[in-house]
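Subject: Structure handover

Hello,

Please find the structure below. My notes come after it.

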Amino acid sequence: MADGAHPAADPGEGTVHVIGAGLAGLSAALTAAEAGRRVAVWEGAGHAGGRCRSFHDAVLDRRIDNGSHLVLTGNDAVQRYLARTGAPQGLVAAPDAIFPMVDLAATGADRRFAVHLNPGPIPWWPLVAGRRVPGTRPWDYLGGWRLALAGPQTTVAEAIRDRGPLWRALWEPLTLGILNTTPERGQARLLWRVLERTFLRGAGPTRPMFAPEGLGEALVTPALDRMAALGITVTYNRPLRALERATGRIEALVFSDRRIVLGPGDAVILALPPGRLRRIMPEMDPPVDDGAILNAHFRVRPETLPTDAPPLTGMIGSLGQWVFVRGDVISVTVSAADSLGILATPREEIAATLWHEVAAVLCLKETAPEAARIIVEKRATFDQSPGGVAQRLAARTDLANLILAGDATDTGLPATIEGAVLSGEIAAGHVAAMAAGTVERAGRE
């Protein structure tokens, strides 16, 4: 078989119907097709990508991402996904794991610093003053092990009691950015699952990866192109209305304009966010998905940007948390926007505050941007508190041919791109196991 080729679909194995064309659904479809299954994808919206997509914004007159997402080189599921799409070059890794930070509440030399991870698998970077947070000591970082030892009901704030410089510059920003909630609410174990795969393994798996042309061009368009080449049909504007069930399995899919009867070898992967899943399967009780993220996008004159402006900068002592620079568009992320209580603030006021912060961080001379846009993703993530994590559903269900996908399923990871892609892989793996079990039973009979 040629490199990159996939086994031909076996008509006798039936069709895998993937409901939802977000990253979880795209991952499930590509993984199932790679295993030789025939796949059909159904999407309720008019586009793929879900909460990770790019579009042309009329206000900015630029193509932007609906939200800024950070991918790291240690996100193994994302790397496998990129390989499946045939376009791994869509994300470009930074040459080193350096995270510039600006403390807007500080003055003097400590206002600007960088967390600089070392090469190699042993994380010795906290031992070097120039690589760690100013005002911290090497042994302060040992407090992170309390996250690993935390029980399922323990929050980040309960696991880590120190409220010194390391809290402000590392633990709090990481919790907000990774768990999209405050340390007082976020589950400690969930944060640890990310740290043990990245920061605790040195620079190799912790280098940021950026999408020069946008997340849609990096993660969505190549997947759709690959699926088209594999003969996978994606049908848009077809929200699932109901599932018909009998004898312990799904017997039909009901859309607004059609009813699809499933054959004995067909399987269904529901790659839906918790709110939509609850409407389709009211007996299920997934965590609520009301974690909001606010993103501000500013278009500036390119000549006003410093030539050495980093593509990513962290902010402390500010409303904004992370600044992304791509071309002449500056994007600012405010995670946990609901928990921080800013959603009721007028958009103009938020934009003015964030622009003032961005101008200080990037040393801009402009008094105002050429254009500004505020986008709020009200259901960006599921509830990642201990209570919410306890409600995560397993991929396998009580129905023989129904599998769940999505970053709110129990992947063990937070609601990130990595978690969404991994959930699709897990779902496709369960479908393959179901098919193998059917074949085995048929052979015995």
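These notes cover the nonpolar cores, one buried loop residue and a surface patch.

This is a predicted model, in which local features need pLDDT of at least 70 and side-chain atom pairs count only at pLDDT 80 or more, while totals for chains, interfaces and linings use all residues. Residues are numbered from 1 along each chain as its sequence is written, and side-chain values use heavy atoms, with hydrogens and water left out.

The largest nonpolar core (buried Ala, Val, Leu, Ile, Met, Phe, Trp, Tyr and Cys joined through side-chain atoms within 4.5 Å; buried is under 20% relative accessible area, 1.4 Å probe, protein chains only) has 45 residues. Leu23, Val39, Leu91, Leu219 and Ile269 touch the most other members. Elements giving it two or more residues include helix H1 (23–34), strand S14 (267–270) and helix H11 (417–444); helices are DSSP runs (H or I) of at least four residues, strands (E) of at least two, numbered from the N terminus. A second, separate core of 39 residues includes Tyr141 and Trp322.

Ala415 lies in the loop between strand S20 (402–404) and H11. Ala415 counts as buried because its relative accessibility is 12%. Beyond four places in sequence, Ala415 contacts (heavy atoms within 4.5 Å) Thr381, Phe382, Gln384 and Asp407.

Ile122 sits in the loop between strand S8 (112–116) and helix H3 (145–149). Its relative accessible area is 61%, so Ile122 is exposed (over 50%).

Regards
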